[in-house]
Amino acid sequence: PSLSEMMRSGCSDVEKIQYNCALTLCNCFSVFLRKSDVLTMVSEGTIQDLILITVLRVHDIRTKRVLAKALFNILAIGDTRETLSEHDVPYSFVRLLNMNDRAVNLLCVKVIMNLSAEVHTYQAKLLEMKVIKILLEQARSAAGGVDFKRVCAAALCNLSFYPTMRIPMSEPGDAEVPIVAGVRAIIVCDEEAVYEQCAMIMLNLAMVEEARENMLTDMPGGEGKQAAVAVTVAIGENGNVSARQVAVMTLCHLSNSKGSFSPITSTALPFLCKIMKSSTEPKLVRLDAARTVANICAFFPGARKACINERIVPALEILSKTLKDDDEHAIVASIIRNMTSDAEIIFHVIEGGCMITLTRMAKLEDARIKHDVATSLVNLCLCKFESVVVEDGALECCFWLTISDCLNLTTPIYLETSTAVRLLCAHSKLAGQVALEEKLFSVLERLAAYGDSLAVQKNAATSFYSVLGFENARKSMVQKGAIETIVKLASVDKSVKEICSSALHELPSDFLSNIDAKSLEVLMALLQITDSAFLDPASFMPDRKMASKSRWVLTTPQYEVSELSIPSEWPTIVVERRVTSFVPARDSPVELVPEDVDPELTGSGTKAVQIGVFHVMKFEVDRVTHDDLKAPMSIDQDDVSLVLSLGKEESGDDGGDDQTLHTEEEGGAAGGE
């Protein structure tokens, strides 16, 4: 209290007194402060007095910095932190932000970060302080550097894990979504830990529908939804392994909103394709990338062509080799079915190798997958161009589709398969190749024997008619039992009988020499033909009413990550006073610049002031020889008197006989001695 009273004084040296008192308080709080002391300060109102002095009474920026550190030291005691929070000690840091002092601002951000580690305790106070706005402003401020961005990322990450904070964090602004712009500014510091924290921020917000829609708000400048996806992709491409995996999960969550379809298509597909092909990523992460593609392909037709450009089909082929579960294969099957429904890109889908993937999935027992595969196969067979669909296993795919009973989906699968076979057998460029396929007769035999659908048997009869038109395929087909199968098929219906009769007439007489009466009856049925539409393949319009139209349900990621919690740090701060031995301590010492004067300068007002008269002293010196040194030295009588007077002063003798110095000339023998 005495120090507080001294800081309130109004004497002439008040700034020096306040600074020294503040320094004393800060250093005492850093070492000697106890819980009982803090509670006493609270009960006596000293804390409120100190806040008032810090915010309002003190004007010197140095003193405010020291007092802010003193308040930080008080908050370092965990047992009393909640009580101090109720008395607005943390809020005093927010009020100090108006000074725009970098040191104080950083201290404020650190206080918020430490409180965010205990958000369950301080959530109401944090919302009241509007800490989210403060953190985003400081992260984007020109004065803030890497240290600001690092602390802001940690604080926002802690806050994003608490449900009540997610909606306020994602609220859009007038021209942008602040949280997206803030994260984009934070990741500039390019640190692994920061990337990981920012990835968790985006994931936690994308998990909540309302927050996700807020982030994907369409802004006037078009920055809204595009920026959210672009920031997520940037985190995934530049961050570490954890950040990359979390970014994939975030994109999968975002793809559950309609507003993300276009941004993901234009921005994220290369990144998703890379993840699906990567053998180093966990399978669940690669599947989450595939789920994202499945979401946009099912509900955004514009994404299908973009998937071709980014080579998604080869990526699906690589991914499908690692899948074992039917639910996982269903994701790939859905993507291919939706992509093959676009007639403009069918040829490119075939060239991408999707037939190999379909053949692999046709061997599965799941009826839904088989139905999707059969529908995709028909879509591919509708392509009029010469392709590799037969070489890649179209007939083998048909063989596996018809090998098992699929309950209520058996008829749709058989109908789609028979349609695909009929299209291939009548294809203008691929029919000859199809006719020589080894598994063709096995497929046609099964289709002909399927009595639950007349359309299936009619397609089988028409396929026999097309295949027997190729001379190099007749012998093989007859040897395998084509005639017997056709004759048996003819007994199904009159329209089928007419087609079977036409098929038998494609065979030369050599193959029909030993036919029985029943076969002959089938041959004669051609005379009473009533419908010859099957003779023109171009007029064939497939019946697609049983094609797979199962609507894809938007899915969320299945990969799970652990919660990332950044702990609080409350190191007490000691302030050292800067002093020297010669001058008083100064915050900004004044540098005296000497005035340069050139004596040579002439002119009014520029010539240096000259004091006294200066002249060159000249002395003439005679040459001294050895003979001169041998000569007796002459002594001046004045010099002798001076020496005698000095001798008397040293001896202290005022009276006495005068002592006389005799020369050789005056003293004779005495002088010689």
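## Helices α7 and α8

A crossing is left-handed if the near helix is turned anticlockwise from the far one by less than a right angle, and right-handed if clockwise. In this predicted model, α7 passes α8 in a left-handed crossing. The contact is built from P90, F93, V94 and L96 on the α7 side, together with V104, N105, L107, C108, V111 and L115 on the α8 side. Sorted by class, these comprise nine nonpolar residues and one polar residue, with no charged residues in the contact of α7 with α8.

As for the geometry of this pair, helix α7, which spans residues 89-96, packs against helix α8, residues 102-116, at an angle of about 145°, and their axes lie 9 Å apart.

## Helix α29 and its two partners

Helix α29 (residues 440-449) packs against helix α30 (residues 454-467) at an angle of about 145°, the axes being 7 Å apart, and α29 passes α30 in a left-handed crossing. On the α29 side the residues in contact are L440, F441, L444, L447, A448 and A449, which meet V456, Q457, A460, S463, F464 and V467 of α30. By class, the contact of α29 with α30 holds 10 nonpolar and two polar residues, and no charged residues.

A second packing involves α29 and helix α32 (residues 482-490), at an angle of about 20° and with axes 10 Å apart. Because angles under 35 degrees count as roughly parallel, α29 is described as roughly parallel to α32. Here too the crossing in which α29 passes α32 is left-handed. The residues that meet are F441, E445 and A448 from α29 and A482, T485 and L489 from α32, and they divide into four nonpolar, one polar and one charged.

## Buried residues of α20

In helix α20, which covers residues 302-309, the buried residues are A303, R304, A306, C307 and I308. The elements that cover these buried residues include α18 (261-277), α19 (283-299), α21 (312-320), α22 (326-340) and α23 (346-351). Just after α20, R311 takes a positive phi of about 60°.

## The surroundings of T232

T232 lies in helix α16, which runs over residues 224-238. With a relative accessible area of 1%, T232 falls under the 20% limit and is therefore buried. When residues up to four places away in sequence are not counted, T232 touches M202, A247, T250, L251 and L254.

Notes
Residues numbered from 1 in each chain as written. Predicted model: local features only at pLDDT ≥ 70, side-chain atom pairs only at ≥ 80, totals over all residues. Heavy atoms only, no water. Axes fitted to C-alpha atoms, helices over the stretch in contact; angles between N-to-C directions. Helix = DSSP H or I, 4+ residues; strand = E, 2+ residues; numbered from the N terminus. Contact = heavy atoms within 4.5 Å. Nonpolar A, V, L, I, M, F, W, Y, C, P; charged D, E, K, R; others polar. Buried < 20%, exposed > 50% of the residue type's maximum accessible area, 1.4 Å probe, protein only. Parallel < 35°, antiparallel > 145°, perpendicular 65-115°, else oblique.
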